[in-house]
There are 2 protein chains.
Amino acid sequence: MKTGEDELVQRIAKALAFRSTGRLTLGMGDDAALLKPRLGFDAILSCDWFLEGRHFLPRLHPPDSVGWKCLARAISDIAAMGGQPVCFLLSLGLPERVVNQDKGWTATWLPEFLRGLRRAARRFGCPAAGGDTTQTRQILISVTVIGEVQTGLATRRSGAKPGDRIFVSGTLGQAELGLQILRSGAGPSPQNDSALRKHLYPEPRLALGRWLARQRLAGSMMDISDGLSSDLPRLCEASRTGAKIEAAKLPTPKAPVATSKTHFDALRLALNGGDDYELLFTVRQKDVARIPRSFQGVPVTQIGEITRDRRIVTVGQDKTIKPLFPRGWDPFRKNNER
Amino acid sequence: MKTGEDELVQRIAKALAFRSTGRLTLGMGDDAALLKPRLGFDAILSCDWFLEGRHFLPRLHPPDSVGWKCLARAISDIAAMGGQPVCFLLSLGLPERVVNQDKGWTATWLPEFLRGLRRAARRFGCPAAGGDTTQTRQILISVTVIGEVQTGLATRRSGAKPGDRIFVSGTLGQAELGLQILRSGAGPSPQNDSALRKHLYPEPRLALGRWLARQRLAGSMMDISDGLSSDLPRLCEASRTGAKIEAAKLPTPKAPVATSKTHFDALRLALNGGDDYELLFTVRQKDVARIPRSFQGVPVTQIGEITRDRRIVTVGQDKTIKPLFPRGWDPFRKNNER
């Protein structure tokens, strides 16, 4: 007999179960999950699509990376608010071939996906609270993360002021580089591995986001998921400002090993590469000295300044000013597949 | 120029905006939404798929019904916990043809969908808090509803005890009948209209669910979304009991006007029809007299009894006992389309 929905839900619940925080009073298996709120905290709500053919390719992306990444990227939105994750809901659409273990990659896809998801859930302290499953032609994933932040400490996109300095965490464009390496089929090497890891197993910057919020150092903050050139205009739009980015200061990725270097454009990767899940935030000039150069091993780099002039520009080493156009990821503009 | 994601999000935010409850301190447009918890209440979390080709057909289902129903069915899970909705997140995958208004049905699909969704959001006091959009080949909808219930009052599936009486709200199988009428292309008539309305614009039983929870009258409760024959075993499994349903007592739908009556099987519809979003609950024998025959115009009917014997059976008028097999909606068992 074929697997029914109830049996599938039991498989998922079993694979994702781990010691609860005590605040989830009812997890998977009822109509809904119950969560005790925490006094003095606001709830943070965020959801993210992760779709076969659009955000991942089964033949390119290991299923445990799909599991890890679908949760990690949703949690990145919580980090960008200065919060911490509490639990998540998993909406999963699976083709019959994945549920009723066919030959080939489908046979092991589901358990490996769930293993990656569970690993991320443990890593970020964000247990599964429930979800919904249905049958679909392609694998569909939508993850909703519930987080929390002390009332009054949430960092929004709208708080940037002219004169504020702009910072980013980590290296920009490294995840995009990882995708290029993955596509090229290049073998492992220490340098390639960090880009591959960034693409396959991103780490939302929870500790940095929380620290910035608690110290009230970030006037505005968001995560870079679509690429700096697409995300910075969103922060500026919300804050009604412009921005000036110093191209030479951008933390660009290093050229990969064993791939064509003729096409390697570090600046373009840093400006337009998506999937980085780094933090973009602004700091008042008087507080700049309080921002460390790295936080728990993650570089923190000042890359420019918020301007009253609403344009968004880059300044080159030769002082030439160029407008920065949004050329990052937009599902409705490009026909790109990830 | 084609619509980008930011423009689409703005369109959605504008269409769904209405006076906030004051507890959503930050809605659409930032990384995530912020929600103030309510003292003495637990949060209820639930999500539901609603997919083109599986849960609705663009040529059969008006877009405003798709908007209404995707939210109403997710809210039904909140009703089943005895809670009230607070806000929802909308994960929307749209084909390019729907976003960049093509000819035919796609031109008006999105605004009408959003109108139906907004109408349901107002009706049930459940504003949009945020969401995620992406481009897909078919219309994909996943709705997450956040609700709340006074701490300690949530009604679960697992509280049924042998001897408890089983109740349902409304008429069972009427939504399935509505789908049959819709498919047959039968014209409007007072009798057909109520079944059609039930299929297209279901009303989650929020007031009844809340009343039962507050009065502590329901030992166990869930909503009937897949059909009684599929959902009752879930309640019994969670409660480690069986059940005996009196077939003659089931609130079955009336035969429709102007469709073939030879194939009309009211009992089968009531047992296996999906999409009803009625409440199924159990009441201790001593409390049965406190359950009204109707609640705010919605019939409430006693249909059977919870048994220690773990089988689930129907008893006919001639006292013959038959096992009740799950023949309701299961996305992984049938290849049915809605």
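**View 1. Helix α2 of chain B in the predicted model, seen along its full length.** Helix α2 of chain B runs over residues 63–79 and holds 17 residues, and the distance from its first C-alpha to its last is 24 Å, close to the 24 Å expected at 1.5 Å a residue. The helix α2(B) is mostly covered, since 17 of its 17 residues are buried.

**View 2. The contact between chain A and chain B.** Chain B brings 57 residues to this contact, and chain A brings 57 residues as well. On the side of chain B that touches chain A, the largest share comes from strand β3 of chain B (residues 41–51), which supplies nine residues. Sorted by class, that side of chain B consists of 26 nonpolar, 14 polar and 17 charged residues.

**View 3. Strands from both chains, joined by bridges.** Strand β2 of chain A (residues 33–35) and strand β3(B) run antiparallel, and three bridges join them. One pair to look for is Leu34(A), whose bridge partner in β3(B) is Ile44(B).

**View 4. The axis that relates chain B to chain A.** Chain B is superposed on chain A by a rotation of 180° with 0.0 Å of shift along its axis, and the RMSD is 0.0 Å. The two copies are therefore related as by a two-fold rotation axis. Within chain B, the C-alpha nearest the axis belongs to Pro37(B), and it lies 3.2 Å from the axis. Both copies use the same surface, as 100% of the contact residues of chain B recur in chain A.

Note on methods: Residues numbered from 1 in each chain as written. Chains lettered and ligands numbered in written order. Predicted model: local features only at pLDDT ≥ 70, side-chain atom pairs only at ≥ 80, totals over all residues. Contact = placed C-beta atoms within 7 Å. Helix = DSSP H or I, 4+ residues; strand = E, 2+ residues; numbered from the N terminus. Nonpolar A, V, L, I, M, F, W, Y, C, P; charged D, E, K, R; others polar. Pairing = 2+ DSSP bridges. Expected span 1.5 Å × (residues − 1). Buried ≥ 20, exposed ≤ 12 C-beta atoms within 10 Å, placed from the backbone. Least-squares fit on C-alpha atoms with pLDDT ≥ 70 in both.
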